[in-house]
Amino acid sequence: MICTVIQRKGAEEILRLLDDPWIELAEIRLDLCDLSDSEMEDIFSNTDTPLVATCRIGALPEEECERRLSLAIRNGARYADLELEASAGFSKRFRDLCHEYGTEVIRSFHDFGGTPQPEFLQQVKARCFRYGADIAKIVTTATNPQDCAAVLSLYEEGGQDGGLIAFAMGAEGSGTRLECLKRGAPFTYASLESGLETASGQITFEEMHRRIYGDFRGFWRVGDLQMPASKSFAQRAIICAALAEGRSHLRHYSPCEDSESAILVAQALGAGIRRDGTTLAIDGTGAAHTGLDVLHTGESGLLTRLCVPLMAVLNDRPVTINGERTLLERPLRGMQDIMASFGVVVRGEKVPVEIHPPLIPGNAEISGKDGSQLISGLMMALPLCGKNSTVYVSDPKSIPYMFITQDVLKKFGVKVKSEMEGDERMIEEQDWSGCSQVTFTIRGGQRYKAADLDLEGDWSAAANFLVAGAVFGKAEVSGLSTDSLQADLSIADILVQAGAVVSEFEGAVCVSKAPLEAFEADLGNAPDLFPICSVLAAFCQGITVLHGVGRLYTKESNRAAAILEMLTGLGVRAQIAGDDLQIEGETLTGRLMNGRLLSGGKFGTHHDHRMAMALKIAGMGASSPVVPDDADCVAKSFPGFWEMFDY
């Protein structure tokens, strides 16, 4: 990325410059701009453009530098730059304040007289990190090619050091300002325009942009994208409304294949459904008994697993649950054992399966290692039984989805109590990956009551647009709840960890491009994020580790194999080691500078909607078109994806 150095400008002009969509990152020279305290606060708190706060000791007294840098840090500076020669007390206070406010520390060294020997420069680099640097910035003055080689030798062999910015000043060193990007520097510096250089040899932003990006067409900036309804919420709400007494209204409904399948199931149960724009009016059956021989659940694994326990309560005789396409090939692991715990015989290990009622309430310990969907079905079915039940779920996976079910049930008047057990990490950090057991206490004899509710926007759909914004420009997405129980809300935290700028403004979630670095994430509770997070990792400097691969083998495809196939075809190094997916990434700027954009071509989606959407994002950073073999499979969750993406 290009960091544009802003000096000798007033507050109004600085804010105007930061609104320019082509300014990716900016350094505000607090020692060279005449700004009041309130103006500095406005600049650092009122922009989505990541900012570097710099105030050089010598231009101003150390005390004044500390005051100005502290003000910038407290008001949202993404990076703060402090020279190595700062006093020990200043350095410690600076480091502590940056850590408190989440500002990345740049410790910098400048030699305006020449270029020291490589051994000395290596010592300087070590000092930068010893004094708390997230990024070491080492800048010398070059008068010959040997000086340039000396400063660039700081980059390790292979040249992918994302924590180092090293280049040379002077006309001779001008090329090193670009070369450092090839070697993994998160960004380099350019002057705003000719005549505003802060050092000799500095290239203007316009020229730097031309040299780096050339005719690259992958930039993407879009706002006010309205996300479709979460099918996780919609399917649960539709079935609950069908079981309720009276008429329910589900607002902000948007059709997709899985949600439409839930409507067909509701109608098969006897519910009446009317559409009024984006509102569904559903006349429930009061959980009346049915006499079905066959129930069709489309291609939805969730709907199938919800219906297995429900049909064991509602149906008076054995019933076959059937489906279509990829669902027919997906094993229903653990279903027979779990349902046997409640007296239900299930014949078949894949759809179609035959269910033999009745469901007998009681206490049972079951394994959650194969996912949460069947457990959600039990949570919906057991309240309709005549007696109380307690379900002990060991080794729980996809925990957030269980609580989505609990939340939707509550809206329809059905109460399910829950209690979690886990390690200290779960208790102290509210990290669900540390949960070892969930206990659900379910009172029998409950009745579903009609409800009116708004369906949440879909975070799993939004993740594609948010990642595109983080890598290629900026995205503003509406219709999402930041208080959601959806597991895929974690994409916001993942993007922050990777280095993107994430904010919320007037109900919209905004993500802007920034220097991206490798991250580590446990997706065991959010397996739908694996494809798009894999694409994100391909544009993050270093090796990203995604935990929880075991959850991927029974999705719409063998998603673990499909992701590896996709990454390999794109030219990205990746491997699965145990339960981890490891991906070696490089920033978009580095890929452009090194001629390593992703490879295009025709790719198999395995008829998996998540894979098709991830391929679209990957294609934005490819050297030739990326063509999915089944673009229509996105209709399963997001039929308007292609049109919205090209909006």
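**Strand pairing, cavities and local backbone features**

Leu82 has Arg107 as its bridge partner in β5. From β4 to β5 the chain passes through helix α4 (residues 88-101), and the resulting β-α-β crossover is right-handed. In this predicted model, β4 and strand β5 (residues 104-110) run parallel and are joined by five bridges. Strand β4 also pairs with strand β3 (residues 51-54), in the parallel sense and over three bridges. Within that pairing, Ala80 of β4 is the bridge partner of Ala53. The connection from β3 to β4 leads through helix α3 (residues 62-74), and this β-α-β crossover is likewise right-handed.

Strand β4 (residues 79-83) is largely enclosed by the rest of the structure, because five of its five residues are buried. In a regular strand, side chains alternate between the two faces of the sheet. In β4, Tyr79, Asp81 and Glu83 point one way, whereas Ala80 and Leu82 point the other way, and all of them are buried. The bridge partners named above thus concern residues of one face of β4: Ala80, paired with Ala53, and Leu82, paired with Arg107.

Burial also marks helix α13 (residues 373-381), which is mostly covered, with eight of its nine residues buried. The buried residues of α13 are Leu374, Ile375, Ser376, Gly377, Leu378, Met379, Met380 and Ala381.

Internal empty space was examined next. Rolling a probe the size of a water molecule over the atoms shows where empty space is left. Over the whole structure, the search returns four cavities of 30 Å³ or more. A volume of about 110 Å³ is found for the largest cavity. Its lining comprises 15 residues, of which Met1, Ala514, Thr587, Leu588 and Thr589 are the closest to the cavity centre. At least two lining residues of the largest cavity come from each of α16 (459-472) and α20 (588-594). Helix α20 provides the largest share of this lining, namely three residues. Sorted by class, the lining of the largest cavity consists of 11 nonpolar, three polar and one charged residues.

The second largest cavity has a computed volume of about 70 Å³. Its lining is formed by Ser230, Lys231, Ser232, Tyr401, Asp458, Ser460, Gln486, Ala487, Asp488, Asp528 and Arg610. By class, these are two nonpolar, four polar and five charged residues.

Helix α16 also contains Gly469. With a relative accessibility of 0%, Gly469 counts as buried. A distance of 6.7 Å separates the C-alpha atoms of Gly469 and Trp220, two residues that lie 249 residues apart along the chain.

Cysteine chemistry was considered separately. A disulfide is a covalent bond between the sulfur atoms of two cysteines. The structure holds zero disulfides. For Cys240, the closest cysteine sulfur belongs to Cys307 and lies 11 Å away, which is too far for a bond. Cys240 counts as buried because its relative accessibility is 1%. For Cys256, the closest cysteine sulfur is that of Cys633, at 13 Å, again too far for a bond. Cys256 has a relative accessible area of 5% and is therefore buried.

Several features of the backbone occur in loops. The peptide bond from Val351 to Pro352 is cis, with omega near 5°. Pro352 is placed in the loop between β15 (345-347) and β16 (353-356). A cis peptide bond also links Pro357 to Pro358, with omega of about 5°. Pro358 belongs to the loop between β16 and β17 (363-367).

Positive phi values in residues other than glycine are found at His252, where phi is near 65°, and at His607, where phi is about 55°. His252 sits in the loop between β10 (247-251) and α10 (257-268), and His607 is in the loop between β29 (601-603) and α21 (609-619). Residues count as partly exposed between the limits of 20% and 50% relative accessible area. His252, at 48%, is therefore partly exposed. The relative accessible area of His607 is 45%, so His607 is partly exposed as well.

Key
Residues are numbered from 1 along each chain as its sequence is written. This is a predicted model: local features need pLDDT of at least 70, side-chain atom pairs count only at pLDDT 80 or more; totals for chains, interfaces and linings use all residues. Side-chain values use heavy atoms; hydrogens and water are left out. On a 1 Å grid over the protein atoms alone, a cavity is a set of points where a 1.4 Å probe fits but cannot get out, and a pocket is an open set with protein on both sides within 12 Å along at least five of seven lines; lining residues have an atom within 4 Å of a point. Grid points are joined across faces, edges and corners, and a volume is the space filled by probe spheres set on the points. Helices (H or I, at least four residues) and strands (E, at least two) are DSSP runs, numbered from the N terminus. Ala, Val, Leu, Ile, Met, Phe, Trp, Tyr, Cys and Pro count as nonpolar, Asp, Glu, Lys and Arg as charged, and the others, Gly among them, as polar. Buried means under 20% relative accessible area, exposed over 50%, partly exposed in between (1.4 Å probe, protein chains only). Two strands pair if DSSP finds at least two bridges between them. A crossover is right-handed if, with the strands pointing away from the viewer, the path from the first strand over the helix to the second runs clockwise. A disulfide is a pair of cysteine sulfur atoms within 2.5 Å.
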